Amino acid sequence: MKRIILPLLFFVIAGNIFAQEAYKPSKTQFLVRGYGSAGFHSSNDEGEKESTFNTGTFAPIFLFQLSDRLMFESEMEFGFEDGTLETGLEYANIMYVMNDYMTVRAGKFLLPFGTFMERLHPAWINKLSTVPLGFGHDGITPSSGVGVELRGAFALQGSKFNYALYSTNGPKLKW
């Protein structure tokens, strides 16, 4: 028993000694996050049962902070549907914090039209069977656009207001 306790105690004490060294954080920071989802379909038509895994997606999110004011974010999407692999770029943009009340963003970004696409569209947040009417990749409202956005917040007489002004390439008409 002493053979196990003494080396274990040594590693704990040595680890604490080395942990006391000065930590110098990097000026740049890189983070990879993401989410995945899978779909299961089961039907019972006239006594015939059929069940399949019909969809699967993986969406890695890349975040890179170049400085305190300059940041980059991107999300790719890999989907497996009907036996084929589909890839897509959900968004990729660069943001610059001008001051405490204003941020400029340029590139392909999720449109801040409504709350759903920008904040609630990932599969791990949206637990609905379908997206709300008008939203989604094939909806009336475009999910993302290429352009420039100015966003921020300000206080006025005790109330806080958020704003987002953007100009994008706009929706396209599908025939």
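**Close-up views of a predicted model**

**View 1. R105, a buried arginine with two partners.** R105 is buried here, with a relative accessible area of just 8%. Keep in mind that this is a predicted model. Side chains of opposite charge can pair when their charged atoms come close. One partner of R105 is E73, and the closest N and O atoms of this salt bridge are 3.7 Å apart. Since E73 sits in strand β3 (residues 70-81) and R105 in strand β5, the pair ties together parts that are 32 residues apart in sequence. E73 counts as buried too, at 15% relative accessibility.

**View 2. From R105 on to E149 and R151.** R105 also forms a salt bridge with E149, and here the closest N and O atoms are 2.6 Å apart. R105 belongs to strand β5 and E149 to strand β6, so this link ties together parts 44 residues apart in sequence. Is E149 buried or exposed? At 0% relative accessibility, E149 counts as buried. E149 meets R151 in a salt bridge as well (3.3 Å, N to O), and R151 counts as partly exposed at 25% relative accessibility. Follow the shared partners and you get one network made of E73, R105, E149 and R151. How many salt bridges does the structure hold? It holds 3.

**View 3. F109 and Y166, edge to face.** A search of the whole structure turns up 5 aromatic pairs. In one of them, F109 and Y166 sit edge-to-face, 6.5 Å from centre to centre and with 90° between the planes. F109 is part of strand β5 (residues 102-110) and Y166 is part of strand β7 (residues 159-168), so the pair ties together parts that are 57 residues apart in sequence. F109 is buried, with a relative accessible area of 0%, while Y166 is partly exposed at 33%.

**View 4. A tilted pair and its cluster.** The ring centres of F154 and Y163 are 6.1 Å apart and the planes meet at 40°, so this pair counts as tilted. Why tilted? The label covers angles that are neither under 30 degrees (stacked) nor over 60 (edge-to-face). F154 is partly exposed, with a relative accessible area of 37%, and Y163 is partly exposed as well, at 22%. Add F161, and F154, F161 and Y163 make up one aromatic cluster.

**View 5. A nonpolar patch on the surface.** Which residues make the nonpolar surface patch of about 410 Å²? They are Y101, F154, L156 and F161. L156 is found in strand β6 (residues 144-156), and its relative accessibility of 47% makes L156 partly exposed.

**View 6. A negative patch on the surface.** D45, E46, E48 and E50 form a negative surface patch. E50 sits in strand β2 (residues 48-65) and is partly exposed, with a relative accessible area of 48%.

**View 7. V97 beside L70.** V97 and L70 are 27 residues apart along the chain, yet their C-alpha atoms are separated by 6.6 Å. V97 lies in strand β4 (residues 84-99) and is partly exposed, with a relative accessible area of 21%.

**View 8. Zooming out.** The protein has 2 helices and 7 strands. Along the sequence, they follow the pattern α-β-β-β-β-β-α-β-β. Of the 175 residues, 19% count as buried.

Terms used. Residues are numbered from 1 along each chain as its sequence is written. This is a predicted model: local features need pLDDT of at least 70, side-chain atom pairs count only at pLDDT 80 or more; totals for chains, interfaces and linings use all residues. Side-chain values use heavy atoms; hydrogens and water are left out. Patches are made of residues with over 30% relative accessible area and no salt bridge: like charges are joined within 9 Å, nonpolar side chains (Val, Leu, Ile, Met, Phe, Trp, Tyr) within 5 Å. Accessible areas come from the Shrake-Rupley method with a 1.4 Å probe; for residues, only the protein chains shown count as cover. A salt bridge is a side-chain nitrogen of Lys or Arg within 4 Å of a carboxyl oxygen of Asp or Glu. Lys and Arg count as positive and Asp and Glu as negative; His and the chain ends are not counted. The place of a charge is taken as NZ of Lys, CZ of Arg, CG of Asp or CD of Glu. Helices (H or I, at least four residues) and strands (E, at least two) are DSSP runs, numbered from the N terminus. Buried means under 20% relative accessible area, exposed over 50%, partly exposed in between (1.4 Å probe, protein chains only). Rings of Phe, Tyr and Trp (its six-membered ring) pair if their centres lie within 6.5 Å; planes under 30 degrees apart count as stacked, over 60 as edge-to-face and the rest as tilted.
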